[in-house]
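Let's take a walk through this structure together. Have a look at the sequence and the model first, and then we can go through them piece by piece.

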Amino acid sequence: MSFIRPKFSTFVQAHEEVIHNEYWYGDGPPVLGKSFSKTKTIERPYQVIDIIRRAEKRETKAGNDILASALQTLTDKLASCTPGFRCGSCACPQCARAFQRAKVASQEECIKRAGQEPCG
Ligand SMILES: [Zn+2]
């Protein structure tokens, strides 16, 4: 694999490494299948935002202003996720895919090394 090997020791550092490395948002290995290609993933935030906006309207009509406000904040966060300015939300299809790719790459590397040295 040709990705930059990150050095981190906490989940927060791992999270930051992924959202600051556009490699994980591309189509290089590991490949997660046709349904999770970069092109298809770029389209998904619009679908998710549409669903969240409908939920926000429903909550506003129901008088749940705090929940409606939280949904608005989430919508804004997902809408602002662009290359170089990743939102890092697990609700974001692009960032969730990047986290999944990084996780798969790490697991593959760990499994590969399992017979040679302890994983950790
Ligand atoms: Zn994102």
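Where is Arg86 found? Arg86 sits in the loop between α3 and α4. We will come back to this residue once the helices are in place.

## The overall picture

Please keep in mind that this is a predicted model. The protein has 4 helices and 0 strands, and its pattern along the sequence reads α-α-α-α.

Of the 120 residues of the protein, 16% count as buried. As for contacts with a separation of 6 or more, 50% of them in the protein come from residues 24 or more positions apart.

## Helix α2

Helix α2 covers residues 38–61, which gives it 24 residues. From its first C-alpha to its last it reaches 36 Å, close to the 34 Å expected at 1.5 Å a residue. Just beyond the helix comes Gly63, with a positive phi near 85°.

Which residues of α2 are buried? They are Thr41, Pro45 and Glu56. The cover over the buried residues of α2 includes α3 (65–79) and α4 (93–114), and the two sections on packing below look at each of these partners in turn.

Another residue worth a glance is Lys57, also placed in helix α2. Is Lys57 buried or exposed? Lys57 is exposed, because 12 other C-beta atoms lie within 10 Å and a residue with 12 or fewer counts as exposed. Its C-alpha atom is separated by 9.4 Å from that of Leu71, and these two residues are 14 residues apart along the chain.

## How α2 packs against α3

Two packed helices are described by the angle between their axes and the distance between the axes. For α2 and α3, the angle is about 165° and the axes are 8 Å apart. Angles over 145 degrees count as roughly antiparallel, and α2 and α3 are therefore roughly antiparallel to each other. Their crossing is left-handed.

On the α2 side, the contact is made by Pro45, Val48, Ile49, Ile52, Arg53, Ala55, Glu56, Glu59 and Thr60. From α3 come Leu67, Ala68, Leu71, Gln72, Leu74, Thr75, Leu78 and Ala79. Sorted by character, the residues of this contact between α2 and α3 divide into 11 nonpolar, 3 polar and 3 charged. An α-helix has 3.6 residues a turn, so residues three or four places apart point the same way. With that in mind, you may like to trace Pro45, Val48, Ile49 and Ile52 in the model, which are among the α2 residues that make the contact.

## How α2 packs against α4

At what angle do α2 and α4 pack? The angle is about 135°, and the axes of α2 and α4 are 8 Å apart. That makes α2 oblique to α4.

Here α2 contributes Thr41, Ile42, Arg44, Pro45 and Val48 to the contact, and α4 contributes Pro93, Gln94 and Arg97. The residues of the contact of α2 with α4 divide into 4 nonpolar, 2 polar and 2 charged. Pro45 and Val48 take part in this contact, and Pro45 and Val48 are also listed in the contact with α3.

## Helix α4

Helix α4 has 22 residues and reaches 31 Å from its first C-alpha to its last, close to the 32 Å expected at 1.5 Å a residue. Its buried residues are Pro93, Gln94, Cys95, Arg97, Ala98, Arg101 and Ala102. What covers them includes α1 (11–19) and α2.

Lys103 lies in helix α4 as well. Lys103 is partly exposed, with 14 other C-beta atoms within 10 Å. Lys103 and Ala14 are 89 residues apart in sequence, and their C-alpha atoms are 9.8 Å apart in space.

## Two loops to look at

Now back to Arg86. Why does Arg86 count as buried? Arg86 counts as buried because it has 21 C-beta neighbours inside 10 Å, and the cut-off is 20 or more. Leaving aside its neighbours within four places in sequence, Arg86 is in contact with Ile19, Cys81 and Cys95. Arg86 and Glu16 are 70 residues apart in sequence but 9.8 Å apart in space, C-alpha to C-alpha.

The loop between α1 and α2 holds Pro30. The peptide bond from Pro29 to Pro30 is cis, with omega near 0°.

Technical notes: Residues are numbered from 1 along each chain as its sequence is written. This is a predicted model: local features need pLDDT of at least 70, side-chain atom pairs count only at pLDDT 80 or more; totals for chains, interfaces and linings use all residues. The expected span of a helix is 1.5 Å times one less than its number of residues. Two residues are in contact if their C-beta atoms, placed from the backbone, lie within 7 Å. Axes are lines fitted to C-alpha atoms, for helices over the stretch in contact, and angles run from 0 to 180 degrees between N-to-C directions. Angles under 35 degrees count as roughly parallel, over 145 as roughly antiparallel, 65 to 115 as roughly perpendicular and the rest as oblique. A crossing is left-handed if the near helix is turned anticlockwise from the far one by less than a right angle, and right-handed if clockwise. Ala, Val, Leu, Ile, Met, Phe, Trp, Tyr, Cys and Pro count as nonpolar, Asp, Glu, Lys and Arg as charged, and the others, Gly among them, as polar.
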